[in-house]
Amino acid sequence: MLQIVSKTFFHVLAGSQLLKSAASRYGMRGRGGFARRFIAGETVDEALAAAKEIQASGLNITLDLLGESASSMAEASSATRDYIGLMESMAAAGVERNISLKLTQLGLNVDRATSVDNLRRILEAAATKDFFVRIDMEDSPYTAVTLEVFETMWQLGYRNTGTVLQSYLRRSEADAVRMNELGARVRLVKGAYKEPKDVAYQSKVEVDAAFVRIMRILLAGGTFPAIATHDPSMLAATRAFALSGGIPPANYEFQMLYGIRRDLQADLKTEGFQMRVYVPFGREWFPYFMRRLGERPANVGFVIRGVLSER
Ligand SMILES: Cc1cc2nc3c(=O)[nH]c(=O)nc-3n(C[C@H](O)[C@H](O)[C@H](O)COP(=O)(O)OP(=O)(O)OC[C@H]3O[C@@H](n4cnc5c(N)ncnc54)[C@H](O)[C@@H]3O)c2cc1C
């Protein structure tokens with residue numbers, strides 16, 4: 001219940017322009033900016049520095065150039081160019097070749113055909129440089145279209161891409177079976193948005209139970225699935241299922257978000273599992289940041305302490 005209230009509250013705040021401009025002034029200021037715990041920085045150089053540091057500790061990375069809901073074709077094509085530039089910078093810096101992006105960033109809610117073209121340009125550039133491109137999953141109005149676009153790319157022969165399924169969505173078990181049939185790589189998450197109950201489970205018990213069911217589908221019959229969670233009971237369920245099925249750690253990976261449960265990230269690596277850290281960066285960090293607050297109200301205390309200590 002508390003979780004639903006919290007998600008709703010932060011979902012509403014995320015739409016506030018006033019809060020956004022106030023937060024933007026302080027959040028990333030200096031090394032101590034309160035948003036820096038979750039966001040690697042605003043520039044490519046800051047993201048590359050964070051990526052190198054993470055890789056030096058033996059973990060893998062994926063870089064996410066923050067941005068969502070481009071409101072014009074110009075914005076969408078600028079995001080597309082930025083992603084292509086990002087891949088060039090990553091290749092030049094020698095960091096791992098893995099990025100995550102959102103289709104609305106490429107113009108999905110402006111013009112679907114243009115966003116598909118933009119994605120194709122990114123996948124082409126990615127293929128020539130041996131990058132993997134993860135298409136993040138957004139809120140439920142975009143689920144079907146995201147999976148359709150993903151499947152179109154797959155049928156066109158792009159194999160350097162994968163997508164995300166959210167266990168809170170009632171449809172996701174069936175989608176996992178479909179992705180296994182394709183042989184496509186899936187990242188499994190619980191889901192970060194506020195969703196209505198006809199499309200999504202509302203209680204943690206149901207979301208967790210679905211996570212375990214889908215994790216099993218993906219581990220048993222999928223292609224290098226990514227189990228993305230900070231929840232110790234989901235991690236334990238995954239490890240137990242893999243062990244009992246003789247599925248070696250080389251066949252799947254765990255993923256966690258930048259700045260969250262760094263202790264678990266390191267422990268899993270030490271125990272011989274593969275761990276990828278999702279590293280978000282960029283000027284458009286506010287909606288991402290608000291979703292992280294909504295997941296864990298205790299983070300608000302952390303932010304307030306950060307703001308107060310800046311004065
Ligand atoms: C690599 C990665 C990629 C993701 N991509 C997507 C995506 O494409 N689409 C999408 O909808 N969602 C995405 N998410 C977010 C995901 O859906 C969840 O909202 C988020 O991971 C929290 O769920 P949880 O599995 O960690 O479990 P929860 O039950 O929410 O949390 C379990 C425990 O993890 C810790 N924790 C969780 N969140 C936080 C936080 N914000 N701050 C501090 N501690 C925290 C706490 O200790 C908490 O008790 C992604 C998550 C990860 C790790």
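The largest pocket in this protein is the space taken by the ligand, and since we are looking at a predicted model, I will come back to confidence once we have walked around that pocket. The elements that give two or more residues to the shell around the ligand are strand S4, residues 161-166, strand S5, residues 185-189, strand S7, residues 253-257, and helix H11, residues 286-295. Among these, which gives the most to the shell? That is S7, with three residues.

Let us turn to the residues themselves, where there are 25 around the ligand, and those that come nearest are Lys190, Gly191, Thr229, His230 and Glu295. Sorted by class, the shell holds ten nonpolar, six polar and nine charged residues.

Now for some individual atoms. In the side chain of Gln166, an N or O atom is 2.9 Å from an oxygen atom of the ligand, and in the side chain of Lys204, an N or O atom is 3.1 Å from an oxygen atom of the ligand. With Arg292 the backbone is involved, as one of its polar backbone atoms is 3.0 Å from a nitrogen atom of the ligand. On its own the ligand has 930 Å² of accessible area, and the protein covers 89% of that.

Finally, as promised, confidence: the mean pLDDT of the protein is 92, and 94% of its residues reach 70 or more. Where is confidence lowest, and where is it highest? It is lowest in helix H12, residues 298-310, at a mean of 66, and highest in strand S6, residues 226-228, at 99.

Key. Residues numbered from 1 in each chain as written. Predicted model: local features only at pLDDT ≥ 70, side-chain atom pairs only at ≥ 80, totals over all residues. Heavy atoms only, no water. Near = heavy atom within 4 Å. Polar contact = N/O pair within 3.5 Å; in protein donor to acceptor, adjacent residues only side chain to side chain. Areas by Shrake-Rupley, 256 points an atom, 1.4 Å probe, with all protein chains shown as cover. 1 Å grid on protein atoms, 1.4 Å probe; cavity = no way out; pocket = protein on both sides within 12 Å on 5 of 7 lines; lining within 4 Å. Sits in = over half its atoms within 2 Å of the grid points. Helix = DSSP H or I, 4+ residues; strand = E, 2+ residues; numbered from the N terminus. Nonpolar A, V, L, I, M, F, W, Y, C, P; charged D, E, K, R; others polar. pLDDT = per-residue confidence, 0-100.
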